[in-house]
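Q: I am new to this one and would like to go through it step by step. Could you look at it with me?

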Amino acid sequence: MEQINFNILAFYGFAGLAVISALMILMSKNIIHSVFMLVLVFLSVAAIYIITNAEFVGVTQIMVYIGGILILMMFGVMLTNRIDGGKMLTEHRRIIPAVLLGLGLAFVFYSTLQTKFPLAEFGPQSELDKSVTETIGINFMTHQLVALELTAVLLLMALIGAAFLAGSKFEDKK
Amino acid sequence: MIPIEHYIVLSAALLIIGLMIIIIKRNAIMVLVGVELILNAANINLVAFAKNDPLLTGQMMSLFVIVIAVAESAVALAIIYQVYRHQQVSNIDELDELNG
């Protein structure tokens, strides 16, 4: 009983942390602050995955997003802004349409959730005979093998494409 | 036991915030941040619905989504860097010439 209470408490804590950090990204004009707030969002979402019986996805989230994408983004921020000792700021535009769109979308989701959600009634949690990571590994090597290989090819293409785009000097035709 | 609706509410909140970031921010990298938030919102739904699934189909799907997000992010950052090197702008409103 104690364990379950702690899980529920942790879920709402991390959900609130994720939403508040995302709102701070939205409000903040400082790009560096926004990218560091993104770390908090990704960490909270990883914690939510782990609470939701998906340890492997949570660890993948931490390794790939926080270890990979955020470092890439910091490099991108440093390379595409003038470094002159001042703060790196971004301006805001079209605030009123964005707020209106957000409110409209929130209303759409709210009215959808008012009806009884047909998939909401799950049975009791079925016990896995293997651990989650084991099941994922077996699935990758059996049912999802084609998708796994295609993903590998796609990653290779993205790697070569990104290296080519960022590394090559195109001729200036002007 | 956390009800599934709460996962959906969290996911919807992250999606709305990500969409507003894409519209409001002027810097190209912040637009990329919004896209990553939206992908994370989709992943939360996949993982939440796979909670009671013994085959873990949703978790497999979310792993593929993470991989696609990485590839997309790397290529997008390379394009942003190349555009900055050519035109010295990183604000998407000031990008008005596409004749590389």
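Q: Let us start with A:V153. Where does A:V153 lie in chain A?
A: This is a predicted model. In it, A:V153 is part of helix 6 of chain A.

Q: Buried or exposed, or in between: how does A:V153 count?
A: A:V153 counts as partly exposed, because its relative accessibility is 46%.

Q: And how are A:V153 and A:I48 placed, along the chain and in space?
A: The two residues are 105 residues apart along the chain. Their C-alpha atoms are separated by 30 Å.

Q: What about A:L154, where is that?
A: A:L154 also belongs to helix 6 of chain A, which covers residues 145–167. At 30% relative accessibility, A:L154 counts as partly exposed.

Q: Which residues is A:L154 in contact with, leaving aside neighbours within four places in sequence?
A: Its contacts are B:I68 and B:A71.

Q: That brings in chain B. How many residues of each chain are in contact?
A: On the chain B side there are 72 residues, and they are in contact with 83 residues of chain A.

Q: What area is buried between the two chains?
A: About 7,000 Å² is buried between chain B and chain A, and carbon and sulfur atoms give 73% of that area. The size of an interface is often given as the accessible area lost when the parts come together.

Q: How many salt bridges does the rule find across it?
A: The rule finds zero salt bridges across the interface of chain B and chain A.

Q: And how many residue pairs are in polar contact?
A: The count is eleven residue pairs between chain B and chain A, with both residues at pLDDT 80 or more.

Q: Which helices of chain B supply at least two residues of the side that touches chain A?
A: Helix 1 (4–24), helix 2 (28–49) and helix 3 (57–87) of chain B each do so. Of the side of chain B that touches chain A, helix 3 gives the most, with 23 residues.

Q: How do the residues on that side of chain B divide by type?
A: They divide into 51 nonpolar, 13 polar and eight charged residues.

Q: Let us pick one residue of chain B. Where is B:R26 found?
A: B:R26 sits in the loop between helix 1 and helix 2 of chain B. B:R26 counts as buried, because its relative accessibility is 13% and the cut-off for buried is under 20%.

Q: What does B:R26 touch, not counting residues up to four places away in sequence?
A: In chain A, B:R26 touches A:T90, A:E91 and A:R93. In its own chain, B:R26 touches B:S90, B:N91, B:I92, B:D93 and B:E94.

Q: Back to chain A as a whole. How many helices and strands are there?
A: Chain A has six helices and zero strands. Read from the N terminus, its elements run α-α-α-α-α-α.

Q: What share of chain A is buried?
A: Buried residues account for 32% of the 174 residues in chain A. The accessible surface of chain A is about 11,100 Å², and 72% of that surface belongs to carbon and sulfur atoms.

Q: Among contacts between residues at least 6 apart in sequence, what share joins residues at least 24 apart?
A: In chain A, that share is 59%.

Q: Which buried residues could we look at in chain A?
A: One of them is A:S21, in helix 1 (residues 2–27) of chain A. A:S21 counts as buried because its relative accessibility is 2%. Not counting residues up to four places away in sequence, A:S21 touches A:M37, A:L40 and A:V41.
A: Another is A:A46, found in helix 2 of chain A. A:A46 is buried, with a relative accessible area of 1%. Leaving aside neighbours within four places in sequence, A:A46 is in contact with A:G58, A:Q61 and A:I62.

Q: Last topic, the loops. Where does A:N53 lie, and what is its phi?
A: A:N53 lies in the loop between helix 2 (31–51) and helix 3 (55–79) of chain A. Its phi is near 65°, a positive value in a residue other than glycine. A:N53 is partly exposed, with a relative accessible area of 21%.

Q: And what about A:R94?
A: A:R94 has a positive phi of about 50°, although A:R94 is not a glycine. A:R94 is in the loop between helix 3 and helix 4 (95–114) of chain A, and at 48% relative accessibility A:R94 counts as partly exposed.

Note on methods:
Residues numbered from 1 in each chain as written. Chains lettered and ligands numbered in written order. Predicted model: local features only at pLDDT ≥ 70, side-chain atom pairs only at ≥ 80, totals over all residues. Heavy atoms only, no water. Helix = DSSP H or I, 4+ residues; strand = E, 2+ residues; numbered from the N terminus. Buried < 20%, exposed > 50% of the residue type's maximum accessible area, 1.4 Å probe, protein only. Contact = heavy atoms within 4.5 Å. Buried area = accessible area lost by both parts, 1.4 Å probe. Salt bridge = Lys/Arg side-chain N within 4 Å of Asp/Glu carboxyl O. Polar contact = N/O pair within 3.5 Å; in protein donor to acceptor, adjacent residues only side chain to side chain. Nonpolar A, V, L, I, M, F, W, Y, C, P; charged D, E, K, R; others polar. Areas by Shrake-Rupley, 256 points an atom, 1.4 Å probe, with all protein chains shown as cover.
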